[in-house]
Number of protein chains: 2
Amino acid sequence: MPNLIFRYQVESEPDQIAARADALLLEQTVELSRAVTRDPWVRENILGEVLSIEEVGAGLYAVALAQPLRATALDPAQFLNVAFGNSSLQADVTLVSIEPPDAFFATFKGPRFGVEGLRAKLGAPKRALTFTALKPMGLSPEAAASLAYDFAVAGLDIVKDDHGLADHEFCPFEKRVELCQRAVGKANAETGGTTLYAPNLIGGPETLYRQLEFARAAGVGALLISPMLVGPAFLHELAAAETGLPILAHPAFGGALRVAPDALFGQVFKWFGADAVIYPHLGGRFSYSRETCLSLAKRLRSAEGGLRPAFPAPAGGIKTSRVREVLEFYGADTLLLVGGSLLETGDVVGSARAFVAEAEKISRELVG
Amino acid sequence: MPNLIFRYQVESEPDQIAARADALLLEQTVELSRAVTRDPWVRENILGEVLSIEEVGAGLYAVALAQPLRATALDPAQFLNVAFGNSSLQADVTLVSIEPPDAFFATFKGPRFGVEGLRAKLGAPKRALTFTALKPMGLSPEAAASLAYDFAVAGLDIVKDDHGLADHEFCPFEKRVELCQRAVGKANAETGGTTLYAPNLIGGPETLYRQLEFARAAGVGALLISPMLVGPAFLHELAAAETGLPILAHPAFGGALRVAPDALFGQVFKWFGADAVIYPHLGGRFSYSRETCLSLAKRLRSAEGGLRPAFPAPAGGIKTSRVREVLEFYGADTLLLVGGSLLETGDVVGSARAFVAEAEKISRELVG
């Protein structure tokens, strides 16, 4: 069976790095020393290999490990375990990137819709897509639905729950989803638009499946989940299920991991099936670098493993005045989020229309 | 409704910290500026409060926030969202600790067994408990069962799957669980012992529930999960379900979070229902400090919120020769893991018996 390649950055004394790299290799699978790993089948079929060790700074090394794909059991949770399970507990190591073999993608099929499928659903073959969030937490279902209606009338492509909207007593999931979907449907009927409403599924597995069932029956157009809050393996399961719905992935609770953001959000979330991945764009309230943002977008859109490209969804304090800058940075294969700033003036429809128009205008300049 | 208190460590310029603390407060709930948060009900009922800002070092501040419990929807995933959702993406902030109000514990009931329940199940009212793991990955179900038999004959309290044992083609979950449980049952029948076998549940929600059902039917005595791999909210759901089985929580994939280990493992995992939490003890392959280890153990054993105490399960390269040191450090309310080193000599039963005997001997010295 083929190997996965995992690349780590490791702090070490020069005379320790060879042993450290070997210990890292063993930690992720057998969790035993080489001497105690006696079984010949295990030595032959489970033990991976240290591919390379390269000094990249003073006391800092790039370590590449090959681990057998079979160690992952082709299960999403176990795959993360082999990538960064126990070693995540060791302060001297960061997971930088992952290179799976082709066979990996026979199980991890990535986005079901991706860029092309979402564009087709929205009748938008070329331009940047737009979306926003229903907020603030504390809205009643009626107020959320009214806001959703305004956004849909203004022509946004997707209106999603804020990722902090859960099954609150003051805004129960079912009531909110029912009213918001109805409001968006009404707006679409009036304008001939195709706005999708994406409720936020959040909770333990039983809650998630109950919410999913309700949302599908209500006719929602897409789904939002935060994989690190609801379990990254749920994303894979949800994408593999034939729900017929595009999935937006939110990065909440994931930013603190000692995993490179482009590996977690740009690779793993996509491999597990997100059609669009939301992440903090540079220059907002968050701190990703230019390089990280570009790498994230590139990974999401890549055809690696024959997977469908997914939309990068840069977010985090972007206002309509920054749409040009953001689209010139990312190009038009972008699902563009403007959130709270649409609520600033009080004229929600006007602000949302201006956002939609600006995204269209810049898209035309970029892709005709 | 009462408030939760969240304590963070924040890096900031002195003249920025007041604004930074307020931004942190807003980020976790409304995700809007104060000016745009106009709804009076939201301002009154959702907006929290910056309780205190204290300089704890040059450019380093301890910030305490009060957030309304209602913002969490009393849902485990949403609770983590309010604690460290978006703010986890900001590099200047670490979540240090969480202080829930009493009302929180009406929903988050913590361990179903805890120290007392697990001691009762094992007929061990005072001494330190012992456990070990079936490894290495790559064992056949028959080899795993043979090892489980040896460990049970030697009198270990719990024999768990290594956390990296998944539903591998070379060691399928069902076959392994069936054979291991049968082997442990046979050993118990022969020795009059009470060893529990704890299989590792790993995968997406559907896989987890299928595995749970199989494991229960097979008669296993406990369960192992890695909450950060299978979704922390699943832990809460599993503990709330009446499975009748103690739950061991493994820290895999959780160590890299910018959340204080004693908050994540010592508090959250316990609140969500783990009866024992495995974590790296100082001086092994991992790097937790003495203070972290003591704080973790103290939190797990506390009666905070009226919850049952849970077992600290220090682990990570502990050998039988270190049992005295570890038990003198933690005392006898400890579930003690010795793992791979039991396999070193080839005489598994002998090594495991020596571990069990040592734990009993030191326990007697400590608690009679």
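**Reading the A–B contact and its salt bridges**

Student: How many residues does each chain give to the contact?

Tutor: Contact means heavy atoms within 4.5 Å. Here 78 residues come from chain B and 78 residues from chain A. This is a predicted model: local features need pLDDT of at least 70, side-chain atom pairs count only at pLDDT 80 or more, and totals for chains, interfaces and linings use all residues. Residues are numbered from 1 along each chain as its sequence is written, chains are lettered from A and ligands numbered from 1 in the order in which they are written, and side-chain values use heavy atoms, with hydrogens and water left out.

Student: What area do chain B and chain A bury between them?

Tutor: Buried area is the accessible area (1.4 Å probe) that two parts lose on being put together, summed over both. For chain B and chain A that is about 6,200 Å², with 61% of it on carbon and sulfur atoms.

Student: How many salt bridges are there between chain B and chain A?

Tutor: A salt bridge is a side-chain nitrogen of Lys or Arg within 4 Å of a carboxyl oxygen of Asp or Glu. Between chain B and chain A the count is 4. Glu169(A) pairs with Arg70(B), and their closest N and O atoms are 3.5 Å apart.

Student: Which element gives the most to the side of chain B that touches chain A?

Tutor: Helices (H or I, at least four residues) and strands (E, at least two) are DSSP runs, numbered from the N terminus. On that side of chain B, α3(B) gives the most, with 5 residues. The residues there divide into 40 nonpolar, 24 polar and 14 charged. For that split, Ala, Val, Leu, Ile, Met, Phe, Trp, Tyr, Cys and Pro count as nonpolar, Asp, Glu, Lys and Arg as charged, and the others, Gly among them, as polar.

Student: Take Thr29(A). Is Thr29(A) buried or exposed?

Tutor: Buried means under 20% relative accessible area, exposed over 50%, partly exposed in between (1.4 Å probe, protein chains only). Thr29(A) has a relative accessible area of 3%, so it is buried. It lies in the loop between α1 (17-27) and α2 (40-45) of chain A. Not counting residues up to four places away in sequence, Thr29(A) touches residues including Ile46(A), Val82(A), Met137(B) and Asp162(B).

Student: How many disulfides does a search of the whole structure find?

Tutor: A disulfide is a covalent bond between the sulfur atoms of two cysteines. The cut-off is a pair of cysteine sulfur atoms within 2.5 Å. The search finds 0 over all chains. Cys293(A) is buried, at 0% relative accessibility. Cys293(B) is also buried, at 0%.

Student: Back to salt bridges. What is the count over all chains?

Tutor: It comes to 29. In one of them, Arg119(A) meets Asp333(A), with the closest N and O atoms 2.8 Å apart. Arg119(A) sits in helix α4 (residues 114-122) and Asp333(A) in the loop between α12 (323-330) and β12 (335-337) of chain A, so the pair ties together parts that are 214 residues apart in sequence. Arg119(A) is buried at 6% relative accessibility, whereas Asp333(A) is partly exposed at 32%.

Student: Where do Arg299(A) and Asp262(A) lie?

Tutor: Their side chains meet in a salt bridge (3.1 Å, N to O). Arg299(A) is in helix α11 (residues 290-301) and Asp262(A) in helix α10 (residues 261-271) of chain A, 37 residues apart. Arg299(A) is partly exposed at 25%. Asp262(A) is buried at 12%.
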